[in-house]
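Here are a few worked exercises on reading helix packing, sheet order and charged pairs from a set of coordinates. Grab your viewer and try each task before you peek at its solution.

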Amino acid sequence: MPASPTAPRRPELLAPAGSLDMMRTAFAYGADAVYAGQPRYSLRVRNNSFGQLDTLAAGIAEAHAAGKLFYLVANIYPHNAKLRTFEDDMAPVIAMQPDALIMADPGLILMVRERWPELPIHLSVQANTTNYASVRFWQSVGVKRIILSRELSLDEVAEIRDACPDMELEVFVHGALCIAYSGRCLLSGYFNHRDPNQGSCTNSCRWDYKLHEAADTAAGDVQACGGAPIGNPRDAGAVGTATRSALDTAQGLALGGGPRHLGGSKVWLLEEGTRPGELMPIEEDEHGTYILNSRDLRAIEHVQRLVDIGVDSLKIEGRTKSPYYVARAAQGYRRAIDDAVAGRPFDTRLLGELEGLASRGYTDGFYQRHSTPEHQNYLRGHSESGRSLLVGEVVGFDAARGLAEVEVKNGFGVGDRLEFVQPCGNTEAVLARLFNAAGEALERVPGSGRRVWLALPAEADPARPCFIARFL
């Protein structure tokens, strides 16, 4: 049914693609467009099958044949050496007719505008566009779309849309966040001389950092960055009632939920000099301390507002992630967009479905500056109710036996409640029977590297892609 004249505009759902399989999965589960990295000039040079020009050409052609869009990322900030090779390297790529180049560096943008003036350019989030004056500037030099900075609130996005009604706007709604401002980071370059802004980031912010107390540290000597002494870390457990309350609150907010008490993990406290008494915990468990590791973005609850604002494209991060990741994420945001455009209320079950993806915990980033405890607990409750784990992918179907062949990703067995994730819809069933390749009955399969056979639910379509998740 066509949208009514008063219906909001349907934004594009833009998904990541690091391979042909990932691209096909994204389209099957609802994406309108994908973006992939150009081999030498993208900020993701690893895990990128599109580094091969024949693969890239096949991907662009296949996307166009399906009526979909394929954007190509060339968003590094190059040094002089790469300027000299840029046009020659890009010429065969541009000949493949990608639908746009995603770029950040003004010099490279100028070079593309001069040699390929008809090629649409989307301004990368790396350019840090945070205000409508910058949007107008980039519009004046021929940029077609602005991917807004992740550091903006919903109200700021709305203000930019009101001030720039005829510019395409894109925002990120899901995926990994960087500890640095819109990804401009030097950690990787410092540790191992691999420049994040040249595409070689090693994600140093996500390594495990262990805290060690200096041998000569005495009580009263430990200071937060230029601040006042806060006492020996060994005394962290002996804080008073008021400090304990503040610590519990800080821990709860850091996790996006209610207060959490100490126990079973080492806690170190930081105090900033101008905020006396506001103790910020850094936890260390058996895996280490993830002091620089941001939670992942999940803004699916804000899709309705973004649709109402008139944002043109909602973007999922994750070119180095798995096909299951893009299937789950694209499926969830496709439903959220369709519901918002149709005027249906937000389906809170989508929060739980996204918990099935590996993440570092979720945040809605800067979209909503201050969430009430009630709102946080509301989101957390719905998230926890639907937690699941990917356990397999259907790779074949034996019609004679009525059994699907499953490549195992994680352990599962008879009696488990499973979810079968397909483009046509998801179905749930309790696993009754499981077989090995010889047709022998199994009670359980322990983990990855194996293939087993099982019956699909009656509602499942054996001809469509299918991932299997186990509810936790």
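**Exercise 1.** Find which residues of α1 meet which residues of α10, then work out how the two helices are oriented.

*Solution.* Start with the contact list: on the α1 side you'll find D21, M22, T25 and A26, and they meet P323, V326, A327 and A330 in α10. Keep in mind that this is a predicted model. Next, sort the contact by class: 6 residues are nonpolar, 1 is polar and 1 is charged. Now for the geometry. The axes of α1 and α10 lie 8 Å apart, and the packing angle is about 20 degrees. Angles under 35 degrees count as roughly parallel, so α1 and α10 get that label. Last step, the handedness: α1 passes α10 in a right-handed crossing.

**Exercise 2.** Do the same for α1 and α2: at what angle do they pack, and which residues make the contact?

*Solution.* Pin down the elements first: helix α1 covers residues 20-28 and helix α2 covers residues 53-65. They pack at about 15 degrees, with 10 Å between their axes. That angle makes α1 and α2 roughly parallel to each other, therefore. The crossing of α1 past α2 is right-handed. From α1, the contact uses L20, M23, R24 and F27, while α2 brings T55, A58, G59, E62 and A63. Split by class, the contact of α1 with α2 has 5 nonpolar, 2 polar and 2 charged residues.

**Exercise 3.** Decide how α3 and α4 are oriented: roughly parallel or oblique?

*Solution.* Helix α3 spans residues 80-94 and helix α4 spans residues 106-115. Their axes come within 11 Å and cross at roughly 45 degrees. α3 and α4 are therefore oblique to each other. The crossing of α3 and α4 is right-handed. For the contact itself, α3 supplies L83, F86, E87, D88 and A91, and α4 supplies L108, M111, V112 and R115. Tallied by class, the contact of α3 with α4 holds 6 nonpolar, no polar and 3 charged residues.

**Exercise 4.** Lay out the strand order of the open sheet of 6 strands, and say which strands stand at its edges.

*Solution.* Walk across the sheet and you get β17-β16-β20-β13-β14-β19, with antiparallel pairing. Now check the ends: β17 (427-430) and β19 (451-454) each have a single partner strand, so one side of each has no neighbour in the sheet. On average, neighbouring strands here are turned by 35 degrees against each other, direction ignored. Zoom in on one pair: strand β13 (residues 388-398) and strand β14 (residues 403-408) run antiparallel over 6 bridges. Within that part of the sheet, D398 stands opposite L403 in β14. Finally, look for what covers these strands: helix α10 (residues 323-342) lies across β13, β16 (417-421) and β20 (467-471), and runs at about 80 degrees to β20.

**Exercise 5.** Count the salt bridges in the structure, then find the partner of D338.

*Solution.* The count comes to 26 salt bridges. For D338, the partner is R10, with the closest N and O atoms 2.6 Å apart. Then place both ends on the chain: D338 sits in helix α10, whereas R10 belongs to the segment before β1 (12-16). The pair links distant parts of the chain, 328 residues apart.

How values were computed. Residues are numbered from 1 along each chain as its sequence is written. This is a predicted model: local features need pLDDT of at least 70, side-chain atom pairs count only at pLDDT 80 or more; totals for chains, interfaces and linings use all residues. Side-chain values use heavy atoms; hydrogens and water are left out. Axes are lines fitted to C-alpha atoms, for helices over the stretch in contact, and angles run from 0 to 180 degrees between N-to-C directions. Helices (H or I, at least four residues) and strands (E, at least two) are DSSP runs, numbered from the N terminus. Angles under 35 degrees count as roughly parallel, over 145 as roughly antiparallel, 65 to 115 as roughly perpendicular and the rest as oblique. A crossing is left-handed if the near helix is turned anticlockwise from the far one by less than a right angle, and right-handed if clockwise. Contact means heavy atoms within 4.5 Å. Ala, Val, Leu, Ile, Met, Phe, Trp, Tyr, Cys and Pro count as nonpolar, Asp, Glu, Lys and Arg as charged, and the others, Gly among them, as polar. Two strands pair if DSSP finds at least two bridges between them. A salt bridge is a side-chain nitrogen of Lys or Arg within 4 Å of a carboxyl oxygen of Asp or Glu.
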